[in-house]
Amino acid sequence: MKAWLASLDPRERNALIFGGILLTMILIYVLVWQPFSTRAARLEQTVQEQRALKLWMQNAALEVQRLRATQVPASMRAGMGGQSLLAVVDQAARKDRLGTVLKRIEPEGTSIVRVWFEQAIFDDVLLWLGDLQNTYGVRITSISIDHQNGSAGSVNARVELEGGG
């Protein structure tokens, strides 16, 4: 190989050496530098995505803590202070000025109660339902409210409630 290189014209030899150096630099760039820089760019993008995900998770955790702080304690939801769902619903209705319009309460097992009101004030029914949900964790599974022509705001309501426990 040395003999062949020595037999070349000096201009050809310089061009060949320069071309070899250039080819070596191109190969180093293509085989080493470019994959390295591409991988580094992908890793940087992944880091940015992970940081954004971490920030979102921290915000979500704060929101969960805030919601847990406003949630009804499990002891009130599950046991309702040692009372049955039927007793809680009845007492809350009487306390919230619905005792006179309460026509029927029908339990279905220990966790579901159906309640009928006639000629009840709509706002009172809504306040009663909010009180049951916020204080005792009772949830509405079905509700039917019919407007009555007799007086403004007067309704007949049928509500099915489920206890928190």
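**Aromatic pairs, salt bridges and exposed surface in a predicted model**

With a relative accessibility of 52%, Phe36 counts as exposed, the cut-off for this class being over 50%. This value, like those that follow, is computed from a predicted model. The average pLDDT of the protein is 87, and 92% of the residues reach a score of at least 70. Confidence is not even along the chain, however, since pLDDT remains under 50 over residues 74-79. For this stretch the model has 13 contacts beyond four places in sequence. Where pLDDT is low, predicted coordinates should not be read in detail, and the contacts of residues 74-79 are therefore reported here with that reservation.

Aromatic pairing was examined next, and the count comes to two pairs. In one of them, Trp33 and Phe36 have their ring centres 5.9 Å apart and their planes at 45 degrees, an arrangement classed as tilted. Trp33 and Phe36 are three residues apart in helix H2, so about one helical turn separates them. In the other pair, formed by Phe117 and Trp128, the centres are 5.0 Å apart and the planes stand at 85 degrees, so the geometry is edge-to-face. This pair links distant parts of the chain, given that Phe117 belongs to strand S2 and Trp128 to helix H5, with their positions 11 residues apart in sequence. Phe117 is buried, at 1% relative accessibility, and Trp128 is likewise buried, at 0%, whereas Phe36 of the tilted pair is exposed.

Trp33 and Phe36 also contribute to a nonpolar surface patch of about 1300 Å², whose other members are Phe18, Leu22, Leu23, Ile26, Leu27, Ile28, Tyr29, Val30, Leu31 and Val32. Leu31, one of these residues, is found in helix H2, which spans residues 10-70. Its relative accessibility of 60% places Leu31 among the exposed residues. Leu31 was also compared in position with Asn149, which is placed in the loop between strand S3 (139-147) and strand S4 (154-162). Asn149 is exposed as well, with a relative accessible area of 75%. Between Asn149 and Leu31 the C-alpha to C-alpha distance is 85 Å in space, for a separation of 118 residues in sequence.

Side chains of opposite charge can pair when their charged atoms come close, and a search of the whole structure finds 10 salt bridges. One of these joins the side chains of Asp131 and Lys95, with 3.0 Å from N to O. Asp131 lies in helix H5 (residues 122-136) and Lys95 in helix H4 (residues 85-95), so this salt bridge ties together parts that are 36 residues apart in sequence. The two partners differ in exposure class, because Asp131 is buried at 18% relative accessibility, whereas Lys95 is exposed at 56%. The value for Asp131 falls within the buried class, for which the limit is under 20%.

The surroundings of Asp131 were considered further. When residues up to four places away in sequence are left out, Asp131 touches Ala92, Lys95, Asp96 and Tyr136. Leu55, by contrast, is 76 residues from Asp131 in sequence and 36 Å from it in space, C-alpha to C-alpha.

A second group of charged residues consists of Arg104, Glu106, Glu108, Arg114 and Glu160, which are linked in a network of salt bridges. Within this network, Arg104 forms a salt bridge with Glu106, in which the closest N and O atoms are 2.5 Å apart. Glu106 also forms a salt bridge with Arg114, the closest N and O atoms of that pair being 3.5 Å apart. Arg104 is partly exposed, with a relative accessible area of 45%. Glu106 counts as partly exposed at 25%, and Arg114 is partly exposed with a relative accessible area of 25%.

Finally, a feature of the backbone was noted at Gln119, a residue of strand S2 (residues 112-121). The phi angle of Gln119 is near 60 degrees, which is a positive value in a residue other than glycine. Gln119 is partly exposed, with a relative accessible area of 42%, whereas Phe117, which is also placed in strand S2, is buried at 1% relative accessibility.

Technical notes. Residues numbered from 1 in each chain as written. Predicted model: local features only at pLDDT ≥ 70, side-chain atom pairs only at ≥ 80, totals over all residues. Heavy atoms only, no water. Helix = DSSP H or I, 4+ residues; strand = E, 2+ residues; numbered from the N terminus. Buried < 20%, exposed > 50% of the residue type's maximum accessible area, 1.4 Å probe, protein only. pLDDT = per-residue confidence, 0-100. Contact = heavy atoms within 4.5 Å. Patch = residues over 30% accessible without salt bridge, like charges linked within 9 Å, V, L, I, M, F, W, Y side chains within 5 Å. Areas by Shrake-Rupley, 256 points an atom, 1.4 Å probe, with all protein chains shown as cover. Salt bridge = Lys/Arg side-chain N within 4 Å of Asp/Glu carboxyl O. Phe/Tyr/Trp six-rings, centres within 6.5 Å; stacked < 30°, edge-to-face > 60°.
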